[in-house]
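Here is a friendly walk through a two-chain model, written for someone who likes to know the cut-offs behind each word. Have a look at the structure, then read on.

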Amino acid sequence: MPVQGIKAVATARNGVGAFILQCKRLDFHYCDWAGSSRGMNAFLKHTLPSFAKANPQIEIRVSPRPHKHPVIKGHYINGREKAICVRNLEPEQISNKANLLKEASGEKLKRTKKPIASINESVRGIWSPYHGDNKTV
Amino acid sequence: MARRSSDGSWKLFENPTENRKLGTITTAATMRPSIRLLNLEVSSLQSSRTLYVCSVCRQETPPHPLLARQFLRHASNSGPLTERMRRKIWGTDNPPGMKDPYGESVLEKRFRKNPPKEQEEQPVETAQAVEAAVEAENEVVPEDIPVGEAYEPATTWEGLSRVGHLGRWSDLPASETNRYESFTIKKKLTKKGHLALAAHQAAVELCLMESLNKPLTSICEVVEHDKAVFKLLWGCKIQPNAKWGEALVYPDQETKDALVYIFEQIGSASETAVADEPAEAVEESAEASELNEDAVVELESNSPAPHFFGYADVRDKGYLSLPLNDLDTKFAFLKRFSQLSGHFFPDPTIHSISTVAQTVEYVQSVVDPKPTKLADYLSGNQKLQNTSNVKVFTKRQKRSDKDEELGRKKVIEAELRERGFIE
């Protein structure tokens with residue numbers, strides 16, 4: 001009896017055929033008055049136009065949050081959201097944080113214990129009693 | 001003032017002057033009864049202690065003498081309760097304001113109608129005492145106050161003649177020296193084109209004055225030119241990056257002759273001559289400059305005179321590069337520009353200005369101040385407006401905004417209204 005592979009439909013792998021950015025929206029909150037928003041205000045003034053132009057697939061919302069620290073909030077297609085407080089940061093640092101949120105998958109951060117991780121099934125295949133050596137009972 | 005008359009009954013004097021006078025003599029009898037209780041007088045046949053009775057007691061038998069005395073102590077001289085309260089609050093026996101804040105009672109009114117009758121009943125012996133008091137007072141009163149005139153100390157300011165100097169500056173009619181004429185125009189220029197026109201005119205005028213070797217600031221004597229003269233000035237061009245005396249480029253020789261003729265008189269002759277003559281001298285050359293009249297807006301004669309005779313903007317931009325390094329020129333230019341535009345310059349700004357362009361920029365920045373709110377700035381940012389994925393909110397986004405965006409606000413409100421939590 002020839003060995004047959006198990007029939008399986010190819011699962012979608014993001015980035016193999018097409019890549020869909022997981023981040024769908026970024027909210028930028030700032031304060032006009034507070035000093036901790038100085039870097040954020042400078043970022044919104046000078047860097048945001050180019051950032052928005054470079055990422056047209058992300059919706060960007062800018063709204064004030066008076067008397068609060070500045071925050072960037074990312075919304076992801078898995079329904080989760082991530083927020084980063086950017087108080088007292090320079091515009092370049094804020095730009096890095098915005099990129100971090102943009103590139104994030106939206107999943108919770110997990111600790112990697114093993115050096116190699118794979119989503120492929122084992123190369124040995126699934127064990128079957130009808131294959132391999134015939135065992136006499 | 002209450003006093004016991006000869007027949008034993010107690011009477012009250014209406015005249016306060018008399019009351020005061022008598023008060024100095026008969027200190028023992030200064031207790032004044034409440035006016036409201038006057039009609040409750042008990043007849044003189046009763047005991048002297050039972051002078052007043054309350055309305056309850058009047059209906060019954062005459063009160064006990066001891067009780068009556070106690071009653072007297074409270075009701076005799078202090079007046080009504082409100083009056084006593086007022087005295088206590090103000091801390092004086094003569095508090096300001098109305099005696100009875102609730103108005104005059106009916107009893108008081110009735111009492112006021114009667115005083116002449118009561119005056120007649122005044123006993124002889126008290127009249128003598130009054131005379132003695134008047135004599136005593138006349139000795140004390142200074143001579144300039146007429147004798148016999150009733151003096152009543154004022155408790156409020158009402159009715160008093162005004163004290164102080166009545167001939168103040170504000171009370172006197174306006175004189176010639178009080179007339180004020182502003183150095184600048186009455187209304188500040190706000191339009192960009194008008195500011196450019198003012199700067200161009202000032203630059204052309206100063207170039208002319210410089211070339212004619214006239215004192216530069218004397219141009220400020222002419223607040224506004226005739227329309228024909230203004231047309232000539234408007235038609236002149238200025239070479240960029242040239243000196244003030246050589247920068248002016250006239251459209252033709254006639255214009256040059258006319259302008260030189262006009263501006264030669266500004267420093268020397270009177271203003272009226274300047275205002276009249278140019279109109280005649282310029283009439284011919286004005287026709288030549290009518291080529292650009294399409295920019296001129298025709299206005300009715302009824303409306304107030306428009307700025308710069310309806311001209312909207314300047315053709316020439318060369319005046320912007322004129323330098324203002326020389327202090328005299330800078331001062332003269334800023335003075336003339338201030339006069340034409342209505343905008344003044346603070347000292348630090350004057351110090352930092354080095355070209356005509358900077359002057360115009362400064363005034364424009366004053367007219368259109370930069371937005372202080374970041375949202376306003378971002379809303380006006382063209383780059384952000386061009387990107388379709390950016391949305392700028394001017395107000396804080398709340399939970400209700402999110403509900404509205406997701407389309408569940410109406411449902412939530414309907415449920416809340418049904419439960420009676422919101423109206």
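Two strands pair if DSSP finds at least two bridges between them. Helices (H or I, at least four residues) and strands (E, at least two) are DSSP runs, numbered from the N terminus. The model is predicted: local features need pLDDT of at least 70, side-chain atom pairs count only at pLDDT 80 or more, and totals for chains, interfaces and linings use all residues. Residues are numbered from 1 along each chain as its sequence is written, while chains are lettered from A and ligands numbered from 1 in the order in which they are written.

**Chain A and its strands**

Chain A has two helices and four strands, arranged along the sequence as β-α-β-β-β-α. Of its 137 residues, 20% are buried, where buried asks for 20 or more other C-beta atoms within 10 Å of the residue's own, exposed for 12 or fewer, and partly exposed lies in between, with C-beta atoms placed from the backbone. Strand 1 of chain A (residues 23–30) is mostly covered, with six of its eight residues buried.

Which strands pair with which? The table gathers the pairings, including one across the chains.

| Strand | Partner strand | Sense | Bridges |
|---|---|---|---|
| Strand 1 of chain A | Strand 2 of chain A | parallel | six bridges |
| Strand 1 of chain A | Strand 3 of chain A (residues 71–76) | antiparallel | six bridges |
| Strand 2 of chain A | Strand 5 of chain B (residues 390–392) | parallel | three bridges |

A:His29 is a handy place to start tracing: its bridge partner in strand 2 of chain A is A:Ser63, and in strand 3 of chain A it is A:Val71.

**The two helices of chain A**

Helix 1 (residues 38–54) and helix 2 (residues 91–103) of chain A pack with their axes 9 Å apart, at an angle of about 55°. Axes here are lines fitted to C-alpha atoms, for helices over the stretch in contact, and angles run from 0 to 180 degrees between N-to-C directions. That makes helix 1 of chain A oblique to helix 2 of chain A; angles under 35 degrees count as roughly parallel, over 145 as roughly antiparallel, 65 to 115 as roughly perpendicular and the rest as oblique.

On the helix 1 side of chain A, the residues that meet helix 2 include A:Phe43, A:Thr47 and A:Phe51, and among their counterparts in helix 2 are A:Ile94 and A:Ala98. Contact means C-beta atoms, placed from the backbone, within 7 Å. By class, this contact holds seven nonpolar, four polar and no charged residues. Ala, Val, Leu, Ile, Met, Phe, Trp, Tyr, Cys and Pro count as nonpolar, Asp, Glu, Lys and Arg as charged, and the others, Gly among them, as polar.

**Where the chains meet**

In all, 19 residues of chain A are in contact with 17 residues of chain B. Helix 1 of chain A gives the largest share of the chain A side, seven residues. That side divides into 11 nonpolar, two polar and six charged residues. Within the strand pairing across the chains, A:Ile60 has B:Val390 as its bridge partner in strand 5 of chain B.

**Two glycines of chain B**

B:Gly267 sits in the loop between helix 10 (253–266) and helix 11 (271–288) of chain B. Is B:Gly267 buried or partly exposed? B:Gly267 has 17 other C-beta atoms within 10 Å, so it is partly exposed. Leaving aside neighbours within four places in sequence, B:Gly267 is in contact with B:Lys214, B:Pro215 and B:Ser218.

B:Gly420 comes just after helix 18 of chain B and takes a positive phi of about 80°. Helix 18 (residues 409–419) is itself hardly covered, with zero buried residues among its 11.

Conventions: Contact = placed C-beta atoms within 7 Å.
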